Amino acid sequence: MPSDSDSHNEWDRVASSAQFRDLMAIKKVFIVPAFLFFLLYYFLLPVLVGYAPKLMSTRVIGTMTLAYVFALSQFVVGWLIAWLYLKAAARFDSLAEDILEDLNRQEPPA
Amino acid sequence: MTLALAIFAAFIASTLAITFWAARRSRGASAYFAAGRRITAWQNGFAVAGDFMSAASFLGVVGLIALQGFDGFLYAVGGFVAYVTILLLIAEPLRNTGKYTMGDVLAYRLRPRPVRALAAISTLTTVVFYMITQMVGAGALVGLLLADSGVTYNQAVIGVGILMMIYVIFGGMLATTWVQIIKAMLLSACAVVLTLLVLAHFHFHLLDFFAAASQVMYQQNGETVVRDFLQPGLRYRPPHGPLDLISLGLIFVFGTAGLPHILVKFYTVPDAKTARNSVVWAMILIGSFYVMTSVLGLGAAVIVGPDYVVTHGGTNMSGILLAQTLGGNVFLAIVSAVAFATILAVVAGLTISASTSFAHDFWINVVHHGREAHSGEAVLVARIAALVVGAVSIAIAIGLGPTSNAGILGTFGMAVAASANFPVLLLSIFWRRFNTAGAISGMSVGLLSALVLIVAGPNFMGIDAANVTGAVHHLIQANPWFPLENVGILSVPLGFMAAIIGTLLSGEPDAEAKFNELMVRANIGLGAEKASGH
């Protein structure tokens, strides 16, 4: 960890390094679309249930309504996002480790 | 109900044993507040689930589905999807940049004293709403179960209160975590057995079960009505229903990620990767539990019937009555004891998050400018705070008594968290320009608008019809000023707007200069708090 006296420069140097900016870019490419998709998919449920109750009352399987099936699909989609994120995060971790290793090599911990 | 008492006593005995084991291992602040940061991913996943699946879930949500069908299920969906927000945006940066509380993250690059003071106030407000929820659940359970054995509501509340104070004061976060892990296991097991019993009742023909749920018969205004519990619209009707539904969604998706007792759990693990994995564990547990609540709720509607529920303890008792109908008194005893354990574990989690925030944010960092006057002061103050929080919540719970649905009460705390905590937490992690003025205005406006709108809304204001049994009583006998029971649609944007406007109206070069430090630390874990040794 950078010491207190020259800490600002040190943190800024890491923040502006190409490696760190790559990591942030890769994270953004996954997290931003994933979160926006999640918001869209989730809020579609209350919006449709609220404003299109007739449509959502359509029977799909037996007496099961579209509303119910859509609500259950939220669980599947949530788990799917979590699984995809775990896979993406393995990559984030290895990039973060590379950055930390380089830092340790340049400035061995006291 | 001697069996219920015996099972309950067994749970208490084992949790007290854990507490004394934890008390012997706990040395120092990191051990007391964060379990030494040595909890593993699956353990923390169970603990988060145990902390989150409160009386509001097991009693409240099942009850909402049992009386209002599909609309009640939306509470379950919201409770689950909220963890996507925590997973993608909050858990890892929080773990890497904080020490014990949400206030740590805010104080990282903002002026610590004002933001910590406000963070402590909004933490305590959220916790009080949650505490009331749990106590109402406990009270309703006692009313149904222990009345014959001579235990009164007041005695039960005092008992629950004293037990949770013991867990928190002696065992700290380690004992609380293990109480939550055991409770999550018991609760999940109970839900699985009860779900199987419901499905067995229909000889595992799912379509028959749903056919029955599509025509539930009950009394309404003196007439027998038949309603389709798989269709939306039994709770949320026009003109305001759709807005209320969207509002509910906002409260869940942003509020859960601002709940202080959930956020503190991510400080108990060794690093950000473990925090992430623990969220996924929690999502598996909470998700499967909530899918089962729909079977339990609809099962209660079909097998027990809304009329019986309303006249035998009210909406919160739906799941318990279902257990009695399907499994007899033995199963009733087991399920009730687990429901009690649930309340106990959640109350312990709430108490430790409140006392941590008070001791760490307010006492040490606001009053004493970040230094302990003598070593061990923070832990001592937290123990005293736990005692006070416990005593106050016992008093409030006794004052209130079991009145409304625990699931709905739970959403009030979540509304405060969504409006006051989440906006500033998010902006502080992701917006370079964000500053102290923005945090202060965001938290104050979010907190006040949520509180005012909740009190002015239909849950607090309303005119009670005369002589309707099982109806909710309103504290203020007047027509509501605010038409929605979920205030998030207005209070969340207000919280965000105040935070953004406050920021733009002022400049704070120091806060901006420290953003690189926060960003590096949040994303690669450089300088993050380490797990402690033995």
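Me: What pLDDT does chain A average, and what share of the residues score at least 70?

Reply: Good place to start, since this is a predicted model. Chain A averages a pLDDT of 87, and 89% of the residues score at least 70. Within chain A, α1(A) has the lowest confidence, with a mean of 79, while α2(A) has the highest, at 93.

Me: And what does chain B average?

Reply: Chain B comes in at a mean pLDDT of 84, with 94% of the residues scoring at least 70. Helix α1 (residues 2-25) of chain B is where confidence is lowest, at a mean of 78, and helix α18 (residues 488-504) of chain B is where it is highest, at 94.

Me: Which ipTM and pTM does the predictor give the complex?

Reply: The complex gets an ipTM of 0.90 and a pTM of 0.90.

Me: Let's look at chain A by itself. How many helices and strands does chain A have, and in what order do the elements run?

Reply: Chain A has 4 helices and 2 strands. Reading from the N terminus, the order is α-α-α-β-β-α. Of the 110 residues in chain A, 23% are buried. Take the contacts in chain A between residues at least 6 apart in sequence: 55% of them join residues at least 24 apart.

Me: Now the interface. How do I get a feel for one?

Reply: The size of an interface is often given as the accessible area lost when the parts come together. Here we can go by residue counts instead: 45 residues from chain A and 42 residues from chain B take part in the contact.

Me: Which elements of chain A each supply at least two residues of the side that touches chain B?

Reply: They are α1 (7-16), α2 (18-51), α3 (53-56), β2 (64-65) and α4 (66-106) of chain A. The largest share of that side is 17 residues, and it comes from α4(A). Sorted by class, the side of chain A that touches chain B has 35 nonpolar, 8 polar and 2 charged residues.

Me: How should I read a pair of packed helices?

Reply: Two packed helices are described by the angle between their axes and the distance between the axes. Try α4(A) with α5(B): the axes come within 10 Å and cross at roughly 15 degrees. Angles under 35 degrees count as roughly parallel, so α4(A) is roughly parallel to α5(B). The crossing of this pair is left-handed.

Me: Which residues make the contact of α4(A) with α5(B)?

Reply: From α4(A), you'll find Ala67(A), Tyr68(A), Ala71(A), Gln74(A), Phe75(A), Gly78(A), Ile81(A), Ala82(A) and Tyr85(A). On the α5(B) side there are Phe70(B), Phe73(B), Leu74(B), Val77(B), Phe80(B), Val81(B), Val84(B), Leu87(B) and Leu88(B). By class, the contact has 16 nonpolar residues, 2 polar and no charged.

Me: What about α5(B) and α20(B): at what angle do they pack?

Reply: Helix α5 (residues 70-97) of chain B and helix α20 (residues 515-524) of chain B pack at about 115 degrees, with their axes 7 Å apart. The two helices are therefore roughly perpendicular to each other. α5(B) passes α20(B) in a right-handed crossing. In this contact, Pro93(B), Asn96(B) and Thr97(B) of α5(B) meet Leu518(B), Arg521(B) and Ala522(B) of α20(B). That set of residues divides into 3 nonpolar, 2 polar and 1 charged.

Me: Sticking with α5(B), is Thr85(B) buried or exposed?

Reply: Count C-beta neighbours: a residue is buried if 20 or more other C-beta atoms lie within 10 Å of its own. Thr85(B) lies in helix α5 of chain B, and it is buried because 23 other C-beta atoms lie within 10 Å.

Me: Which residues is Thr85(B) in contact with, leaving aside neighbours within four places in sequence?

Reply: Those are Ile90(B), Val253(B), Phe254(B), Thr256(B) and Ala257(B). You can also check the C-alpha atoms of Thr85(B) and Phe252(B), which are 167 residues apart along the chain and separated by 9.7 Å.

Me: Last one: how do I spot backbone angles worth a second look?

Reply: Most residues other than glycine have a negative phi, and most peptide bonds are trans. Now look at the loop between α8 (153-201) and α9 (206-213) of chain B, where His203(B) lies. Phi of His203(B) is near 50 degrees, a positive value in a residue other than glycine. Phe204(B) is in the loop between α8 and α9 of chain B too, and its phi is positive at about 60 degrees although it is not a glycine.

Me: Are His203(B) and Phe204(B) buried or exposed?

Reply: His203(B) is exposed, with 8 other C-beta atoms within 10 Å. Phe204(B) counts as exposed as well, with 10 C-beta neighbours inside 10 Å.

Definitions and conventions. Residues are numbered from 1 along each chain as its sequence is written. Chains are lettered from A and ligands numbered from 1 in the order in which they are written. This is a predicted model: local features need pLDDT of at least 70, side-chain atom pairs count only at pLDDT 80 or more; totals for chains, interfaces and linings use all residues. Axes are lines fitted to C-alpha atoms, for helices over the stretch in contact, and angles run from 0 to 180 degrees between N-to-C directions. Angles under 35 degrees count as roughly parallel, over 145 as roughly antiparallel, 65 to 115 as roughly perpendicular and the rest as oblique. A crossing is left-handed if the near helix is turned anticlockwise from the far one by less than a right angle, and right-handed if clockwise. Two residues are in contact if their C-beta atoms, placed from the backbone, lie within 7 Å. Ala, Val, Leu, Ile, Met, Phe, Trp, Tyr, Cys and Pro count as nonpolar, Asp, Glu, Lys and Arg as charged, and the others, Gly among them, as polar. pLDDT is the predictor's confidence in each residue, from 0 to 100. A residue is buried if 20 or more other C-beta atoms lie within 10 Å of its own, exposed if 12 or fewer, and partly exposed in between; C-beta atoms are placed from the backbone.
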